[in-house]
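Colleague: Could you take me through one part of this model up close, the long helix with a glycine in it, once you've set the scene?

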Amino acid sequence: MSERPNWTSKYAFIVTTIGSAVGLGNIWRFPYIMGQNGGAIFLAVYIILISTICFIPLINELYIGKLTKRECIGAYESINRNFKFLGVLNPITGILIAAFYFIVGGWIINYILKSILNFNINDYGEYFSNFIQQPVYPCILTILFLFICIFVTAKGVKNGIEATNKILMPLLAAILIFLVIISINLPNANIGLEYMFKPDFSKLNSHMVLAALGQAFFTLSIGMGALLTYGSYIKEDKSLVKSVYTIILSDTAFAILAGIMIFPAVFSFNMEPNSGAGLVFVTLPKIFSQIPYGNIVSLAFFILLLCAAITSGISIVEGPCASMVERFKISRAKACTILFIVISVLAIPATLSFGYLSDFKILGKTIFEFLDFLTSNLMLPLNTLFLCIISGWYLKIKGINIIKNKFFALLFDAGLRFVVPIALICLMLIGLN
Ligand code: TRP
């Protein structure tokens, strides 16, 4: 078998893992979930959870990868042969996530083209719903976006994944800062900033806490073996803890900056912060049409979103790709071609579920909604739960081997064995209702 790839440097590992974490989850999902859950108080809860409870499964997944030096299925199998089927769930989850995540990637490409070709429309809400209902065009864009991610992945860990992340991540940060500066200079921007940073404690409730937890798990890419695979490419990293905190801090910074970019603009134009998934595709274009040089700002924004989506999309594909390469002993190109076909076959009906197939329901949900529900609410927490139980109760991993500080190591042990599994079970129970 050809040799397993490794990251060329610690920087490469960190930037790529941040690339996986920072995605549509930060720039599209985070602001609208925050908008629906009361603003600043949601942010406060989110920060507490992401820096404590989420730290544990994140480092655990990377650590298991680093320890076993195998792709997902092999990693589980090497711990105990009977755990193999739990490993198989990971690439399956990845493929199912890809089938809906990449649809949104396709929408972004459309909005980029629109921004270039002049984006003056009377009714942005109507435009968006007409666009996603079309039978052919959104499918072509989904496939195009999938192709981009697959192409990068096929080029390999060093020349494809690492190289792309090293270019796109700094670009992402630069565009985001540019847009934040524009946004906070809009009239009445302070109302948006207040909404983000002045908590209203009356909005605190258990539903919101779980929404924050779910968002934190999703944004850190925990639970489908993407991190395990990335962890398995680490050569030597004496302080995984530091790397993990850098990843969490950066991911949170990107999410907060995305909020600072979006909310002042929303309030400045008297719009609603809680419009849900359409916030980025309806509310923002409406704002862009009303500001000077709106086309350029719009173009910058959707390029930003595309960069974020590509670096995460790559990580979604890499898990299943690595599993196929190492298990079936086939080339990356071959594995990626097969993945391209399989994901397309799933993604096309999901894309059509906004129009042609909108009446086809599984458990009362359209295909798109069902894939999102199945992966985000069930499979991701379940995979994470299994891995925490395997580490905590079967391998009996000790925090002190990962974290030098004795006190924090003890907290880690308790978290891995009790707190995180309980939190995950609550998340699943609420999610299934
Ligand atoms: N974290 C990414 C985002 O915020 C999405 C993502 C990439 C993901 N890989 C994942 C989510 C693995 C769950 C599991 O958009």
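Modeller: Sure, overall picture first. A compact globule of 433 residues would have a radius of gyration near 22 Å, and the protein has 21 Å, so the two agree; that radius is taken over C-alpha atoms, and the globule rule is 2.2 Å times the number of residues to the power 0.38. Bear in mind that this is a predicted model, where local features need pLDDT of at least 70, side-chain atom pairs count only at pLDDT 80 or more, and totals for chains, interfaces and linings use all residues. Residues are numbered from 1 along each chain as its sequence is written, and side-chain values use heavy atoms, with hydrogens and water left out.

The C-alpha trace spans about 60 × 50 × 45 Å along its principal axes. Secondary structure comes to 18 helices and zero strands (DSSP runs numbered from the N terminus: H or I of at least four residues for helices, E of at least two for strands). Of the 433 residues, 61% count as buried, where buried means under 20% relative accessible area, exposed over 50% and partly exposed in between, with a 1.4 Å probe and protein chains only. Take the contacts (heavy atoms within 4.5 Å) between residues at least 6 apart in sequence: 81% of them join residues at least 24 apart.

Now to your helix, H13, which covers residues 240-268. Glycine 259 sits in H13 and is buried, with a relative accessible area of 0%. Leaving aside residues up to four places away in sequence, glycine 259 touches Met196 and Pro264. Tyrosine 11 is 248 residues away along the chain, and its C-alpha atom is 26 Å from that of glycine 259.

H13 also has a packing partner in H2 (residues 24-36): the two helices pack at an angle of about 65°, with their axes 9 Å apart. Axes here are lines fitted to C-alpha atoms, for helices over the stretch in contact, and angles run from 0 to 180 degrees between N-to-C directions. That makes H2 roughly perpendicular to H13 (65 to 115 degrees; under 35 is roughly parallel, over 145 roughly antiparallel and the rest oblique). The crossing of H2 and H13 is right-handed, meaning that the near helix is turned clockwise from the far one by less than a right angle; anticlockwise would be left-handed. From H2, the residues involved are Asn26, Ile27, Phe30, Pro31, Met34 and Gly35, and they meet Asp251, Phe254, Ala255, Ile256, Ala258, Met261, Ile262 and Phe263 in H13. Sorted by class, that contact has 11 nonpolar, two polar and one charged residues (Ala, Val, Leu, Ile, Met, Phe, Trp, Tyr, Cys and Pro are nonpolar, Asp, Glu, Lys and Arg charged, and the others, Gly among them, polar).

Past H13, asparagine 270 lies in the loop between H13 and helix H14 (283-288). Asparagine 270 is exposed, with a relative accessible area of 74%, and its phi is near 55°, a positive value in a residue other than glycine. Asparagine 188 has a positive phi too, near 65°. Its loop runs between helix H9 (157-184) and helix H10 (189-197), and asparagine 188 is partly exposed, at 47% relative accessible area.
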